[in-house]
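Please read the following walk through the structure with the coordinates open beside the text. The route goes from single residues to a helix, then to the domains and finally to the ligand.

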Amino acid sequence: MKPAAFDYNKPADLAAALHALSGDAKPIAGGQSLTPMLNLRLARPAALVDIRRQADLLKISEAPDAIRYGAALPHAAFEDGAVPDGTNGMMRHVAGGIAYRAVRNRGTIGGSIAHADPAADWISALLALDARVIVQGAKGETAWPLDRFMLGGFTTVLEAGDLITGVSVPRLSPSARWAYYKICRKTGEFAKAIGAVVSDPDRGVFRIVCGAIEVTPILLEARSVEAALAEIDSRLADHAPAARQLYKTAMRRALEGLGETSA
Ligand SMILES: Cc1cc2nc3c(=O)[nH]c(=O)nc-3n(C[C@H](O)[C@H](O)[C@H](O)COP(=O)(O)OP(=O)(O)OC[C@H]3O[C@@H](n4cnc5c(N)ncnc54)[C@H](O)[C@@H]3O)c2cc1C
């Protein structure tokens, strides 16, 4: 099937992109999710606003406590270490496990967050890292914690005309440890279950995330392996036992691997 007809804009800067998004228009970044939706006519915007190589959305700004990444940075930039990393290698590791290289060359961090596929890697990893999604729109700029930005599977706070301009990721202490365990049928596929953990005692941070659960990933209250497994059992009681077992396996391996993957 071919997409329905649409206008195409490639704005010169961020202001022009925001202007072009007023009306029935959608941003297109890497096109890895949107193109199939257009082809299947699940999305039929009157216009596409191409932000893939938009210079304002490729910027990186470093502060002592966080790094802000432009939304149009591709996964490959993180995988290749072409951008600064304040997470002791976690973002690089996560990026390298997304799909396969051709997808990582085009797919962007902002596009992935906006699409809000519950099985996507960035949303779980960035929730564990306590990142903020920076959204620019008619109401100005808002920095959303991931679990407030994502309202459910494929559903976010984004309104027509809004654009994710970046994501701000707190810097981990040098002694911080992390683990990210993704269960998928074969390399290059979306996750069936994700366990993501960030332990940064110097900053008083310990965050455990259970992801790929059809809705927004959940931040667990548990602080130990056994407590985390029990919490998954109770919070995902409506899931089939086999699915729960998968989440528990991802979580156990992440928690047990904490430290081994921190280099
Ligand atoms: C074969 C295949 C395998 C994949 N496997 C994985 C995987 O294992 N793990 C994983 O995490 N992902 C996976 N993906 C998804 C991929 O990583 C892309 O990140 C994701 O599809 C969206 O990014 P994009 O830049 O291509 O966005 P697009 O497809 O261009 O856009 C997606 C949606 O986001 C909106 N959008 C894009 N950018 C912005 C923005 N800055 N602000 C507001 N809205 C925006 C668009 O309007 C559209 O609605 C896979 C994709 C494919 C095709």
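Asp233 is found in helix α9 of what is a predicted model. With 15 C-beta neighbours inside 10 Å, this aspartate counts as partly exposed, since a residue is called buried only from 20 such neighbours upward and exposed at 12 or fewer. Between the C-alpha atoms of Asp233 and Gln245, which lie 12 residues apart along the chain, the separation is 8.7 Å.

Helix α9 also holds Ala228, and here the neighbour count comes out on the other side of the cut-off: Ala228 has 23 other C-beta atoms within 10 Å and is therefore buried. Leaving aside residues up to four places away in sequence, Ala228 touches Ile208, Leu220, Ala222, Met251 and Leu255. With His93 the relation is one of distance, as the two residues are 135 positions apart in sequence and their C-alpha atoms are 23 Å apart in space.

Two of the contacts of Ala228, namely Met251 and Leu255, lead on to helix α10, where both appear among the buried residues together with Tyr247, Lys248, Ala250 and Ala254. Viewed down the axis of α10, these buried residues fall within an arc of 160 degrees, so they line one face of the helix. In general, an α-helix has 3.6 residues a turn, so residues three or four places apart point the same way. The buried residues of α10 pack against the strands β11 (177–183), β12 (193–200) and β13 (205–211), and also against helix α9 (225–235). On the face turned away from this buried side, α10 carries the exposed residues Pro241 and Ala242. The length of the helix can be checked as well: at 1.5 Å a residue, the 17 residues of α10, from 241 to 257, should span 24 Å, and because the C-alpha atoms at its ends are 24 Å apart, the expectation and the model agree.

A further point of interest concerns the backbone. Ala212 is found in the loop between β13 and β14 (218–220), and although this residue is not a glycine, it has a positive phi of about 65 degrees. Ala212 is buried, because 25 other C-beta atoms lie within 10 Å. Asn88, likewise not a glycine, has a positive phi of about 55 degrees, and its place is in the loop between α3 (75–79) and α4. With 21 other C-beta atoms within 10 Å, Asn88 is buried too. A positive phi, of about 60 degrees, is also taken by Asp130, just after α7.

How do these pieces fit into the wider layout? The domain assignment gives domain 1 (7–50), domain 2 (56–170) and domain 3 (177–257). The centres of domain 2 and domain 3, taken over C-alpha atoms, are separated by 20 Å, and 23 residues of domain 2 are in contact with 21 residues of domain 3. On the domain 2 side of this contact, α4 (90–96), α7 and β8 (150–152) each supply at least two residues, and α7 gives the most, with 6 residues. By residue type, the side of domain 2 that touches domain 3 divides into 12 nonpolar, 7 polar and 4 charged residues.

Helix α7 deserves a closer look, since 8 of its 8 residues are buried and the helix is thus mostly covered. These buried residues are Asp121, Trp122, Ile123, Ser124, Ala125, Leu126, Leu127 and Ala128.

The last stop is the ligand. Of the 30 residues around it, Gly30, Gln32, Ala99, Gly107 and Gly111 come nearest. Two or more residues of this shell are given by each of β2 (25–28), α5 (101–106), α6 (109–115), α7 (121–128) and β10 (163–170), so that α7 appears both here and on the side of domain 2 that touches domain 3. The most is given by α6, with 5 residues. The shell divides into 16 nonpolar, 10 polar and 4 charged residues, and it draws at least three residues from each of domain 1 and domain 2.

Notes:
Residues are numbered from 1 along each chain as its sequence is written. This is a predicted model: local features need pLDDT of at least 70, side-chain atom pairs count only at pLDDT 80 or more; totals for chains, interfaces and linings use all residues. A residue is near a molecule or strand if its C-beta atom, placed from the backbone, lies within 6 Å of it. Helices (H or I, at least four residues) and strands (E, at least two) are DSSP runs, numbered from the N terminus. Ala, Val, Leu, Ile, Met, Phe, Trp, Tyr, Cys and Pro count as nonpolar, Asp, Glu, Lys and Arg as charged, and the others, Gly among them, as polar. Domain bounds come from an automatic or database domain assignment. The expected span of a helix is 1.5 Å times one less than its number of residues. The arc is that of the directions from the helix axis to the C-beta atoms. Two residues are in contact if their C-beta atoms, placed from the backbone, lie within 7 Å.
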